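I opened the model to look up a few things and keep a record of them. The entries follow in the order in which I went through them.

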2 protein chains.
Amino acid sequence: MRVLGVDPGLTRCGVGVVDGVAGRPLTMIGVGVVRTPADAELGSRLVAIEQGIEQWLDEHQPEFVAVERVFSQHNVRTVMGTAQASAVATLCAARRGIPVALHTPSEVKAAVTGSGRADKAQISAMVTRLLRLDAPPKPADAADALALAICHIWRAPAQNRLQQAVAAHRTAYASKGRTA
Amino acid sequence: MRVLGVDPGLTRCGVGVVDGVAGRPLTMIGVGVVRTPADAELGSRLVAIEQGIEQWLDEHQPEFVAVERVFSQHNVRTVMGTAQASAVATLCAARRGIPVALHTPSEVKAAVTGSGRADKAQISAMVTRLLRLDAPPKPADAADALALAICHIWRAPAQNRLQQAVAAHRTAYASKGRTA
């Protein structure tokens, strides 16, 4: 199960790709940040985010995309940008027929640290441990995108089991094909 | 000057196309609503809005797109959807290199009625009058999209003058070409 996690933002949009299934060691495939200049027009920023997300989808072909669910209890200006960046990421995935899951920040924190109120350092430490990295992922603000991907892998055991069954069926079918 | 006005929303996204320049009678070219089912997944709703906006851009080839500027002082859930729909409309226009202008609801109201606090009925009445329509535009909630387009035509006199100069230059050039 390969998941692209997206921590949406207009200025910095964190992206991270993780391979794995619940209960097995996870593997980081890639991590990065799609940046757009704060002084550019909204339209060109959204186009740049679309191009960035498309590149990540092309390169890593994820089966799922997990996007942070946006709330508006925070700073108004930031929230609008976050909602707009998340719309672009969701659109890019949906256009390709890739299922998009939304997870709240507290779901993500609880999934990787056991506490819905964990701080950035705790999340970074756990992401580093869970992905068996030598050092915390860089850029630092991309750790949240990896945490989103991990959260999705762990919170989707039913989907995951279904997918494994389909994969097993395909493998059995392919084996039969080869031996017939 | 042809402007596509977009009143963004996930369930109902109003669209209206108006031709004209400031100080001259305006002409309505088209009006409608892009709808998406409230029970559909966010991703497929954003894809449907993208397809709807693309159709309007293809069919009417506007030179400007005017989108309502989203504020978050209203209902949280609605605002998120509005921000996401507006992001898709802005992205579609920017991808084609069409300039996107954002106007606040009070700017739009003030432009077409003279009051930033006008109600829906007043806006609809003025849009009907300004576009010299026999009856108020239908669907009713598309009147705001037409008002946005009108607002943009009237608030962009500088851009407009520049554009007229370019058009005049082109016409002069074309005439020369023909007589040469």
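**Entry 1: helix α1 of chain A**

I began with the length of helix α1 of chain A, which covers residues 42–60. At 1.5 Å a residue, its 19 residues should span 27 Å, and the end C-alpha atoms are 27 Å apart, so the two values agree. I note here that this is a predicted model.

I then looked at what follows the helix. Gln61(A) comes just after α1(A) and takes a positive phi of about 45°.

Next I asked which strands α1(A) lies across. I found β1 (2–7), β2 (12–19), β3 and β4 of chain A. The helix runs at about 165° to β3(A), and since angles over 145 degrees count as roughly antiparallel, I put the helix down as roughly antiparallel to that strand.

**Entry 2: the sheet of chain A**

I traced the strand order in chain A and got β3-β2-β1-β4-β5, five strands in an open sheet with mixed pairing. The edge strands are β3 (27–35) and β5 (100–103) of chain A, each of which pairs on one side only. Ignoring direction, neighbouring strands of this sheet are turned against each other by 20° on average.

For the pair β4(A) and β5(A), I recorded four bridges in the parallel sense. Ala66(A) has Ala101(A) in β5(A) as its bridge partner.

**Entry 3: the annotated positions**

I checked the UniProt record next. Which residues does the unreviewed entry list for "active site"? It lists Asp7(A), Glu68(A) and Asp141(A). These are spread over 135 residues of sequence, yet they cluster in space, with a largest C-alpha distance of 13.4 Å.

I took Glu68(A) up on its own and placed it in strand β4 (residues 64–68) of chain A. Leaving out neighbours within four places in sequence, I listed its contacts as Val6(A), Asp7(A), Pro8(A), His103(A), Pro105(A) and Leu148(A). Asp7(A), one of these contacts, is also on the UniProt list.

Asp141(A) sits in the loop between α4 (120–130) and α5 (143–155) of chain A. Is Asp141(A) buried, exposed or partly exposed? Its relative accessibility is 26%, so I entered it as partly exposed. Not counting residues up to four places away in sequence, Asp141(A) touches Asp7(A), Arg12(A) and Val33(A). Asp7(A) is thus in contact with Glu68(A) and is touched by Asp141(A).

**Entry 4: helices α3 and α5 of chain A**

I looked at how α3 (residues 105–113) and α5 of chain A are set against each other. Their axes come within 9 Å and cross at roughly 75°. That makes α3(A) roughly perpendicular to α5(A).

I wrote down the residues that meet there. From α3(A) they are Glu107(A), Val108(A), Ala111(A) and Val112(A). From α5(A) they are Ala147(A), Leu148(A), Ile150(A), Cys151(A), Trp154(A) and Arg155(A). Leu148(A) had already come up as a contact of Glu68(A).

**Entry 5: backbone geometry**

Most residues other than glycine have a negative phi, and most peptide bonds are trans. I therefore kept a list of exceptions.

The peptide bond from Lys138(A) to Pro139(A) is cis, with omega near -5°. Pro139(A) belongs to the loop between α4 and α5 of chain A. In chain B, a cis peptide bond joins Lys138(B) and Pro139(B), with omega about -5°; Pro139(B) is in the loop between α4 (120–130) and α5 (143–155) of chain B.

Gln61(B) has a positive phi near 45° and is in the loop between α1 (42–60) and β4 of chain B. Arg132(B) is not a glycine either, and its phi is positive at about 50°. I located Arg132(B) in the loop between α4 and α5 of chain B.

Are these two chain B residues buried or exposed? Gln61(B) is exposed, at 53% relative accessible area, and Arg132(B) is exposed, at 53%.

**Entry 6: strand β4 of chain B**

Last, I went to strand β4 (residues 64–68) of chain B. Why is it largely enclosed by the rest of the structure? Four of its five residues are buried, so the strand is put down as largely enclosed.

I then noted its partners. β1 (residues 2–7) of chain B runs parallel to β4(B) and is joined to it by four bridges; Val3(B) has Phe64(B) as its bridge partner. β5 (residues 100–103) of chain B also pairs with β4(B) in the parallel sense, over four bridges. There the bridge partner of Val67(B) is Leu102(B).

How values were computed:
Residues numbered from 1 in each chain as written. Chains lettered and ligands numbered in written order. Predicted model: local features only at pLDDT ≥ 70, side-chain atom pairs only at ≥ 80, totals over all residues. Heavy atoms only, no water. Buried < 20%, exposed > 50% of the residue type's maximum accessible area, 1.4 Å probe, protein only. Helix = DSSP H or I, 4+ residues; strand = E, 2+ residues; numbered from the N terminus. Pairing = 2+ DSSP bridges. Expected span 1.5 Å × (residues − 1). UniProt positions renumbered as here; feature names shortened; annotations may be inferred. Contact = heavy atoms within 4.5 Å. Axes fitted to C-alpha atoms, helices over the stretch in contact; angles between N-to-C directions. Parallel < 35°, antiparallel > 145°, perpendicular 65-115°, else oblique.
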